[in-house]
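Reader: Got a model I'd like to talk through. Can you walk me through the ligand sites and the packing?

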Amino acid sequence: MEQLKHECGVAMIRLLKPLEYYEKKYGTWMYGLNKLYLLMEKQHNRGQEGAGLACVKLESSPGEEYMFRERAMGSGAITEIFETVQANFKDLPPEQLHDSEYAKRVLPFAGEVYMGHLRYSTTGKSGISYVHPFLRRNNWRAKNLALCGNFNMTNVDEIFARITAIGQHPRKYADTYIMLEQVGHRLDREVERLFNQAEADGLTGMEVTHYIEEHIELANVLRTSSREWDGGYVICGLTGSGETFAIRDPWGIRSAFWYQDDEIAVLASERPVIQTALNVPAEEIKELLPGQALLISKEGKLRTSQINKAQEKRACSFERIYFSRGSDVDIYKERKLLGEKLVPNILKAINDDIDHTVFSFIPNTAEVAFYGMLQGFDDYLNEEKVQQIAGLGHSPNMEELETILSRRIRSEKVAIKDIKLRTFIAEGNSRNDLAAHVYDVTYGSLVPGVDNLVVIDDSIVRGTTLRQSIIGILDRLGPKKIVIVSSSPQVRYPDYYGIDMARMSEFIAFKAAIELLKEREMRDIIASAYRKSKDQVGLPKEQMVNYVKEIYAPFTDEEISAKMVELLTPQGTKAKVEIVYQPLQGLHEACPKHMGDWYFSGDYPTPGGVKMLNKAFINYIEQMYQF
Ligand SMILES: O=P(O)(O)OC[C@H]1O[C@H](OP(=O)(O)OP(=O)(O)O)[C@H](O)[C@@H]1O
Ligand SMILES: NC(=O)CC[C@H](N)C(=O)O
């Protein structure tokens, strides 16, 4: 089975004062390194497959190393890379350890510019050599490049073809590597442009180097490199001469935030991470805007530059539903609202029987939506109490009041997650196993045969969590009915901007729609969608249409949900099961600034997305579907 993975996290730091300043003020010149650790650890949710960091030391002398990198694999990678870096310092006597002059001259990773990355591979390959940052070395300091990114391009093949067409010969076919070579090539050209200028001006020797490093214009490099990128991205880089950049896609699909004061400039994928690591309020943190780059020069001058024209903003809503930490002030509110909006549909599913219903959630991400859902039910129940009192027709006596006011929303911790890791990332079979054993239940949390059980989750993608584990273990508690609530709408289409899923057959919603078409003798719809998809292969991607929508068109959301229940309920389950989904409208109302919803709606923000979907659907039909 194709593995389903997602996201990455980035963190950048530029110290704006000499190391000595931090030693004096904070008692350590390792201030930047320590902050990087915090920024990375707090974004652990974004990448548990590998982690890496790079550091540039400004003003080194020829013959001395100035660009450092460390990488490691696995969920313990952050600790491992920082331990390896610290191993360089652990045997130093205290006076040397606190000598910022010495550190700057001699010690590795004692620099002013830092970049960190947390990885889940998407289209990139697996293995240590594919953990970011990637490094491109050169004997000219300004041509050295360390690159990392939270990204997925839909047209890596085109970029590869383009760079080979101009005569380059990349050693590896992996997305980040191809990006490295492409940006690296443009950086080479920028340096060469300045070299020619310097020579024309009569400069010689190190004067040429200084001229290049003082005049390098990374906006040129990014403009010429990113022109053809079709995808969701925040790509970050450092050059050997200490230039720093981060560039965001024109649709604002992937996220990045930055902050600057007179000591430090910082960029990270998530806002609250900067808030906590630097103790600054949300209002002081800026969003990197769509199509924009943050550029920090060798001298530490920071500016933003509009590299590509901003397109209609389609920021990824999954970022709000699941990926990001729920501690962001806006994300917290949005997740709560997602939960609250589901109240009317849940009431229908439990026949308005609040008194015999226990409410809970599937840990961990869904917890915030659960609080919103509870709040919604509290409001609902209060309204009912008011109506009940009013309906008495007289002032209630104590007994009546007590009876009415004693009614409560019954929330319990029913499902427990035994390990902290996100199962979403684990590959194919190991994920099935993980999902089967990672959850447990609290026995005695409801009255068997009498109570309904409502559990909210943030998303149902393949349905593995429900099928392999949740429905079966919840059924052991003996509920009359299990209502699974999804705070996000039905996931119907693959994502090509960070959650990489190449095969349609992964989605439980897609499987359900195909089953329904078969059952109802509507196979001609599948054949026709296939034919139309096949016919448009070879058209420019801008002209392609999403014909997979035709697979879902004949059915209501409820019909697809009902079929999913059939597919996901293990044999022998005693309780009646129902799935309640967030309507697309509800998502838009809860997250109005994050209208990127292609995985639910099929409306891809870039032409490359439709092209990839077309290919995935054709592959599904040709490799899996039996007419
Ligand atoms: O339908 P599926 O394909 O099984 O995927 C959806 C599940 O995966 C995620 O859980 P995960 O364990 O990754 O993370 P969490 O603890 O943050 O909720 C998500 O919260 C859902 O529970
Ligand atoms: N999740 C990501 O952003 C991954 C980045 C890149 N596509 C890789 O696979 O390495």
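Author: Sure, one term up front: a polar contact is a pair of N or O atoms within 3.5 Å; within protein, one must be able to donate a hydrogen and the other to accept it, and residues adjacent in sequence count only if both atoms are side-chain atoms. With that in hand, an oxygen atom of ligand 1 sits 2.6 Å from an N or O atom in the side chain of D457.

Reader: And what kind of model is this, and how are things numbered?

Author: It's a predicted model, where local features need pLDDT of at least 70 and side-chain atom pairs count only at pLDDT 80 or more, while totals for chains, interfaces and linings use all residues. Residues are numbered from 1 along each chain as its sequence is written, chains are lettered from A and ligands numbered from 1 in the order in which they are written, and side-chain values use heavy atoms, with hydrogens and water left out.

Reader: OK, back to ligand 1. Which atom of G463 lies 2.8 Å from an oxygen atom of ligand 1?

Author: A backbone N or O atom. The side chain of Y322 also has an N or O atom 2.7 Å from an oxygen atom of ligand 1. On its own ligand 1 exposes 500 Å², and the protein buries 99% of that (Shrake-Rupley method, 1.4 Å probe; for residues, only the protein chains shown count as cover).

Reader: How many residues are around ligand 1?

Author: There are 19, and T365, K417, D457, D458 and T465 come nearest (near is a heavy atom within 4 Å). By class that shell has six nonpolar, seven polar and six charged residues. Here Ala, Val, Leu, Ile, Met, Phe, Trp, Tyr, Cys and Pro count as nonpolar, Asp, Glu, Lys and Arg as charged, and the others, Gly among them, as polar.

Reader: Switching to ligand 2. Which side chains have an N or O atom by its oxygen atoms?

Author: R119 has one at 2.7 Å from an oxygen atom of ligand 2, and H132 has one at 2.8 Å. A polar side-chain atom of D175 lies 2.6 Å from a nitrogen atom of ligand 2. The protein covers 100% of the 290 Å² of accessible area that ligand 2 has on its own.

Reader: Which element gives the most to that shell?

Author: β7, with four residues. The elements giving two or more are β7 (145-153) and α7 (175-200); helices (H or I, at least four residues) and strands (E, at least two) are DSSP runs, numbered from the N terminus. The shell around ligand 2 holds three nonpolar, nine polar and three charged residues.

Reader: New topic, the packing. Which residues touch the most other members of the largest nonpolar core?

Author: F510 and I551, out of 73 residues. A core is a set of buried Ala, Val, Leu, Ile, Met, Phe, Trp, Tyr and Cys residues joined through side-chain atoms within 4.5 Å. Buried means under 20% relative accessible area, exposed over 50%, partly exposed in between (1.4 Å probe, protein chains only). Helix α18 (residues 508-519) gives the most to this core, with eight residues.

Reader: Anything else packed in?

Author: Six of the eight residues of helix α10 (residues 271-278) are buried, so α10 is largely enclosed by the rest of the structure. Those six are R271, P272, V273, I274, A277 and L278.

Reader: And S561, buried or exposed?

Author: Buried, at a relative accessible area of 5%. S561 is in helix α21 (residues 557-568), and its side chain makes a polar contact with the side chain of Q490 (3.1 Å).
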